[in-house]
Amino acid sequence: PRRLETAVNYLERHAWQVGGPCGLLFLADAYRLRGFNGDAVATYRDVEDVARRMLPAALPELALAQARLGDLENAEQSAREHLRRLPRDTEALTALLIVHARRGETEEALHIAREMAEVSPHDAIRALQDPGLSLLLTGARFRELFVSSVRERRLRVAEAIRIIEGFRLAA
């Protein structure tokens, strides 16, 4: 709770500097998780307004805001439109995950969660930590995703070290 409060305070001051609709989306999610539902709804609406002015680049943020606001039909449409261009975008997949979970389409939501886990276990875990989505996974499946995420992060760090070492040897 204290970290979340700190995040809310920071984002209230700097959301626009974090990256337009992306920063506002972080703030809206922080409000929602903190229980500030009125502020969350107002900020998701701000995300929609800003994202619409930045289309098509901001389609994933628009889809997420629409999904969080319960505009499931438009959220699905925005997410699928973005996924036609970037089929493995985890923000658009998260929006679809929310849409199917809210509709009670558990099998479809689980299929999307598995697809996200293949693309990025870390992003899948982040999405599934949401209180509205966490019931989709059993404890064993969540642990499996967590281990995959740790392994993915270690591989990325090892690759970065190899690249740095290569630059150092070449210099």
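**Reading a predicted helical chain**

Modeller: In this predicted model, 40% of the 171 residues in the protein chain are buried. The accessible surface of the chain comes to about 10,200 Å², and carbon and sulfur atoms account for 55% of that surface.

Colleague: What makes up the secondary structure of the protein chain, in helices and strands?

Modeller: The protein chain has nine helices and zero strands. Read along the sequence, the pattern is α-α-α-α-α-α-α-α-α.

Colleague: How do you know that the span of α3 agrees with its 17 residues?

Modeller: The expected span is 1.5 Å times one less than the number of residues. For the 17 residues of α3 this gives 24 Å, and the end C-alpha atoms are 25 Å apart, so the two agree.

Colleague: Which residues of α3 are buried?

Modeller: They are A40, T43, Y44, V47, E48, V50 and A51. Y44 also belongs to the largest nonpolar core, where Y44, A79, L97, I112 and M116 touch the most other members among 36 residues. Helices α1 (2–19), α2 (21–34), α3 (37–53), α4 (59–69), α5 (72–85), α6 (90–102), α7 (106–119) and α8 (121–128) each supply at least two residues of this core. The largest share, seven residues, comes from α6.

Colleague: Which residues does Y44 touch, leaving aside those up to four places away in sequence?

Modeller: Y44 touches L25, A28, D29, R32, A65, R68 and L69, with residues up to four places away not counted.

Colleague: R32 and R68 are in that list. Why is D130, which touches both of them, called buried or exposed?

Modeller: The cut-off for buried is under 20% relative accessible area. D130 has 9%, so D130 is buried. The place of D130 is in the loop between α8 and α9 (139–170).

Colleague: What makes the pair D130 and R68 a polar contact?

Modeller: A polar contact needs a pair of N or O atoms within 3.5 Å, one able to donate a hydrogen and the other to accept it. The side chains of D130 and R68 make such a contact at 3.1 Å, a value within that limit.

Colleague: P131 is found in the loop between α8 and α9 as well. Why is P131 called buried or exposed?

Modeller: Exposed means over 50% relative accessible area. The value for P131 is 52%, and therefore P131 is exposed. Its C-alpha atom is 8.2 Å from that of L33, although P131 and L33 are 98 residues apart in sequence.

Colleague: What makes the aromatic pair of Y31 and F36 stacked, edge-to-face or tilted?

Modeller: Ring centres must lie within 6.5 Å to pair; planes under 30 degrees apart count as stacked, over 60 as edge-to-face and the rest as tilted. The structure holds one aromatic pair. In that pair, Y31 and F36 are 6.2 Å apart centre to centre with 50° between the planes, and the pair is tilted.

Colleague: How do you know whether Y31 is buried or exposed?

Modeller: Set against the limit of under 20%, the 8% relative accessibility of Y31 means that Y31 counts as buried. F36 has a relative accessible area of 32% and is therefore partly exposed, as that class lies between 20% and 50%.

Colleague: Why is S78 in helix α5 called buried or exposed?

Modeller: The relative accessibility of S78 is 8%, so S78 counts as buried. A polar contact of 2.9 Å joins the side chains of S78 and Q66. Residues up to four places away aside, S78 touches L59, L62, A63 and Q66.

Colleague: How do you know that A117, in helix α7, is on one side or the other of the cut-off for buried?

Modeller: A117 has 11% relative accessibility and therefore counts as buried. The C-alpha atoms of A117 and S148, 31 residues apart along the chain, are separated by 8.4 Å.

Colleague: What kind of peptide bond joins L55 and P56?

Modeller: A cis peptide bond joins them, with omega about 0°. The place of P56 is in the loop between α3 and α4. Most peptide bonds are trans.

Colleague: Among contacts between residues at least 6 apart in sequence, how many in percent join residues at least 24 apart?

Modeller: The share in the protein chain is 47%.

Note on methods:
Residues are numbered from 1 along each chain as its sequence is written. This is a predicted model: local features need pLDDT of at least 70, side-chain atom pairs count only at pLDDT 80 or more; totals for chains, interfaces and linings use all residues. Side-chain values use heavy atoms; hydrogens and water are left out. A nonpolar core is a set of buried Ala, Val, Leu, Ile, Met, Phe, Trp, Tyr and Cys residues joined through side-chain atoms within 4.5 Å. Buried means under 20% relative accessible area, exposed over 50%, partly exposed in between (1.4 Å probe, protein chains only). Helices (H or I, at least four residues) and strands (E, at least two) are DSSP runs, numbered from the N terminus. Contact means heavy atoms within 4.5 Å. Accessible areas come from the Shrake-Rupley method with a 1.4 Å probe; for residues, only the protein chains shown count as cover. Rings of Phe, Tyr and Trp (its six-membered ring) pair if their centres lie within 6.5 Å; planes under 30 degrees apart count as stacked, over 60 as edge-to-face and the rest as tilted.
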